[in-house]
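Me: Could you take a close look at one part of this structure for me, with enough of the surroundings to place it? Plain bench talk is fine.

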Amino acid sequence: MRNDVRELRAAKGLSQQALGQALGVSRQTINAIEQGRYDPSLPLAIRMARYFGRTVEEVFHVDDERS
Amino acid sequence: MSTMRGHEAARTRRWLVPGLCVVAGAGYAAVFLAHHRPIAAVIGAGVMLAYALVLVIFSRRSEAVALLREDGPDERRALITTRAAATTLYALMVLSVIMLFVQLARGADPGAWGVVSGVGGFVFIVSIAYESRRR
């Protein structure tokens, strides 16, 4: 699943470590999500979206979605 | 208060596996020494202590080592640990069933292989039934 986590994190000037600490996950998990290697659970996706002041759909995009 | 408890729990988790390694090393040493095998006692304890040291020293540098030390509250790490455990158990069950048939083909008593295969199969069926009702 594609996502805009890297861009949103960069816009806030946060490191992966800092975002991971804020969300209660490891730096490696943030990296895996940004690279699309790991799809977060629904609770974590919601926490991430709320952290950036967005909806889940604005942060995460299913692969067959046409924009 | 709850944050402090959280920190204490995290510290306990971090030292649980290295601590168990030290206890296991002491156990190996005690058992081998009781059987008058001092070299095996030193090797057994040494291997477990070395493993504990590797976990403590390299867990900050390698995620794989960190996962061997603790899984923690991170959902991705919990998933990795669960999958690794499932793969390990599948491998053990396949080995157990193969050895069971080998023993039966030889006309020998399957012994522990039969017990492990039977218990493994039973626990798998019960787990499937339990999890399918729970989730």
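Reply: Let's begin on chain A, where residues 5-59 are 67% helix and 0% strand, with the end C-alpha atoms 7 Å apart. That span is what UniProt lists, in an unreviewed entry, as "domain: HTH cro/C1-type". Keep in mind that you're looking at a predicted model, scored at ipTM 0.86 and pTM 0.80.

Within the same chain, A:A11 sits in helix α1 (residues 5-11) of chain A. A:A11 counts as exposed because it has 10 C-beta neighbours inside 10 Å, and the cut-off for exposed is 12 or fewer. If you want a ruler across this part, try A:A11 to A:T29: 18 residues apart in sequence, and 19 Å from C-alpha to C-alpha.

Now for where the two chains meet. Chain A puts 9 residues into the contact and chain B puts in 6. On the chain B side, the top contributor is helix α4 (residues 75-106), which supplies 3 residues. By residue type, that side of chain B is made up of 5 charged residues and 1 nonpolar one, with no polar residues.

Chain B deserves a slower look. Its mean pLDDT is 90, and 94% of its residues reach 70 or more. As for why that score is worth checking, where pLDDT is low, the predicted coordinates should not be read in detail. You'll find 5 helices and 0 strands in chain B, so its pattern along the sequence reads α-α-α-α-α.

UniProt, again from an unreviewed entry, marks "transmembrane region" at residues 39-59, 80-105 and 111-130 of chain B. In the model, residues 39-59 of chain B come out as 95% helix and 0% strand, with 30 Å between the end C-alpha atoms. Residues 80-105 of chain B are 100% helix and 0% strand, and their end C-alpha atoms lie 37 Å apart.

What about the overall form? The C-alpha trace of chain B spans about 60 × 50 × 25 Å along its principal axes. Its radius of gyration is 20 Å, whereas a compact globule of 135 residues would be near 14 Å. Just 13% of the 135 residues of chain B count as buried. Taking the contacts in chain B with a separation of 6 or more, 33% join residues 24 or more positions apart.

The domain assignment splits chain B into domain 1 (1-73) and domain 2 (74-135). Their centres, taken over C-alpha atoms, are separated by 26 Å. Where these domains of chain B touch, 4 residues of domain 1 are in contact with 5 residues of domain 2. The domain 1 side of that contact divides into 2 nonpolar residues, 1 polar and 1 charged.

One last stop is B:H36, in the loop between α1 (2-34) and α2 (38-58) of chain B. Phi of B:H36 is near 60°, a positive value in a residue other than glycine. Why point that out? Most residues other than glycine have a negative phi. B:H36 is exposed because 8 other C-beta atoms lie within 10 Å.

Terms used:
Residues numbered from 1 in each chain as written. Chains lettered and ligands numbered in written order. Predicted model: local features only at pLDDT ≥ 70, side-chain atom pairs only at ≥ 80, totals over all residues. UniProt positions renumbered as here; feature names shortened; annotations may be inferred. Helix = DSSP H or I, 4+ residues; strand = E, 2+ residues; numbered from the N terminus. Contact = placed C-beta atoms within 7 Å. Nonpolar A, V, L, I, M, F, W, Y, C, P; charged D, E, K, R; others polar. Domains from an automatic or database assignment. Rg over C-alpha atoms; globule rule 2.2 N^0.38 Å. Buried ≥ 20, exposed ≤ 12 C-beta atoms within 10 Å, placed from the backbone. pLDDT = per-residue confidence, 0-100.
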